[in-house]
Amino acid sequence: MVELRENEQKTLLALEKLRGRGSVDRVVEVSGLAHAAVMRAALSLTTRNLIKIHERKQTIIALNREGRYHARKGLPERRLINSLTKLGGEASVEDVVEEATLEKKFLTIALGWLHRKGWATIRKKKRVLKSLKEPPTGTDEKLLSLLDEKDPLIVEDLSKELQKAVSVLKRRRLVEIDEKTLRELELTDAGWELIKRGIETVEEVSQLSPKLIRTGKWQKVKLRRFDVTAPGPIVYPGKIHPAQQIIQRVRDIFLEMGFTEIRGPIVETAFWNFDALFQPQDHPAREMMDTFYLAHPRKGRLPTKDIVNAVAKTHENGWITGSRGWEYTWSPDEAKRLMLRTHTTAVTIRYLAEHKEPPVKVFSVDRIYRNEKVDYKHLAELHQIEGIIMDKNVTLRDLIGTLKEFYLKLGLKKVQFWPGYFPYTEPSAESVVYVPELKTWMELCGMGIFRPEVLAPLGIKYPVLAWGGGLERLIMLKLGVEDIRHLYKNDLGWIRRSPICQ
Ligand code: PHE
């Protein structure tokens, strides 16, 4: 004995009324069930071989606004040729346009098609149009007027000739094309047999209500079974962008490790982005090619005189730091230039200038800007992560240990530290992680201990461990994305497919 649910019975009976076969829409009409209910019933009936589902692709074509306009007024080239004929077959473009009252925006298109369709020639210099032949009504025009009478139309039902015009109108962007899957249900022999044996519909209850319980009716009604393995409709819930999820994870890791988040301005003076970090004013990274400078306003304000003078002297001769400095004349004007920060170290150093007492354990995850030509590896707007620790006796060992733990929390186990160079740290290193999927080592963060030339002008007396680097690489690594542009393309398909939790 086959046990059928109410909706399945209703679907079968509707199909019987439709003489064994009908589209889902018809079954919906006849059975009085909702579309989703019919689809669900149909799926379980097919698994029991009582019905078959036939799928057919259907292409639907309908006019868009411009298409509708041309369908009513005639294609622009038709309007021109009609007017040209009226004017005796030869006339200047201006006259023909005026006669046709053709809108300016359609002129180039109209002339192009006049030529392509061989309806007229245009003599370039004098801009004179001359008609060539009696232009017959093209299939594109036939399809247009058919659509004007009655749309949407099903492309598969059109004549071969008209089907060819579909792509023409599509390329001219006069129509919207939509693909649909048409589903038809058909009773199988087993389905017919079951119906002949007779099926009754028994009412089923899908929700146990307080009333059913109070009245005791729940004992008599037939409760509907749920098939939790049945396929449900696909839903695309709102979710956090995959890149943003990783940013959030990095943030959580820093917080777990006892760091506090700091933020700073995106528009920064060269002073905090470069000078305070002991980058000489002729450093190549400062050039326009690498840095976005602001045109309006061009300059910002420098901090207090003490700090500015100390930075100036350190650049010029090393000041009290024991260094010889860069040995050039430091320019306050250059330092005032406004720019989009090129690294989050600008945020760090700004913060340090106001927090000189240990311990300091802060981080930032934020946007930075570099004047890069955008390609699969480069973006002009990207993210950096950065962390610092300032405390009385911290050393390079602490920095290495901290980074190892940081990476471990990100799931990156194999880490090495290679020598590196930054104008503001000594010693400096690059931390590289092994990526098993790619079988290579990848540089992730630069690191080091801030130089006295950076710390002394700000009055900082304790060692500062710092590391920072690009976040996008890490995101690409985690998401398996090979083209960096993909992260911010808003490719809905990709966003939908990526899991809610990374
Ligand atoms: N600011 C460096 C960069 O942009 C990274 C870095 C941060 C290096 C802190 C050392 C210390 O690549």
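**Exercise 1.** In this predicted model, determine in which sense strand E10 (residues 260-261) and strand E13 pair, and over how many bridges.

*Solution.* Step 1: E10 and E13 pair in the parallel sense, and two bridges connect them. Step 2: at the level of residues, Thr260 has Val362 of E13 as its bridge partner.

**Exercise 2.** Establish how E13 and strand E14 (residues 381-390) run and how many bridges join them.

*Solution.* Step 1: E13 and E14 run antiparallel, joined by ten bridges. Step 2: Phe363 is bridged to Gly387 in E14.

**Exercise 3.** Explain why strand E13 (residues 360-369) is described as largely enclosed by the rest of the structure.

*Solution.* Step 1: a residue counts as buried when its relative accessible area is under 20%. Step 2: eight of the ten residues of E13 are buried, so the strand is largely enclosed by the rest of the structure.

**Exercise 4.** Classify the residues of the salt bridge between Lys10 and Glu6 as buried, partly exposed or exposed.

*Solution.* Step 1: the closest N and O atoms of Lys10 and Glu6 are 3.5 Å apart. Step 2: the two residues lie four residues apart in helix H1 (residues 6-17), a separation of about one helical turn. Step 3: Lys10, with a relative accessible area of 29%, is partly exposed, whereas Glu6, at 13%, is buried.

**Exercise 5.** Describe the salt bridge between Arg286 and Asp275 and the accessibility of its residues.

*Solution.* Step 1: the closest N and O atoms of this pair are 2.9 Å apart. Step 2: Arg286 and Asp275 are eleven residues apart, in the loop between helix H13 (270-273) and helix H14 (305-317). Step 3: both residues are buried.

Notes
Residues numbered from 1 in each chain as written. Predicted model: local features only at pLDDT ≥ 70, side-chain atom pairs only at ≥ 80, totals over all residues. Heavy atoms only, no water. Buried < 20%, exposed > 50% of the residue type's maximum accessible area, 1.4 Å probe, protein only. Pairing = 2+ DSSP bridges. Salt bridge = Lys/Arg side-chain N within 4 Å of Asp/Glu carboxyl O.
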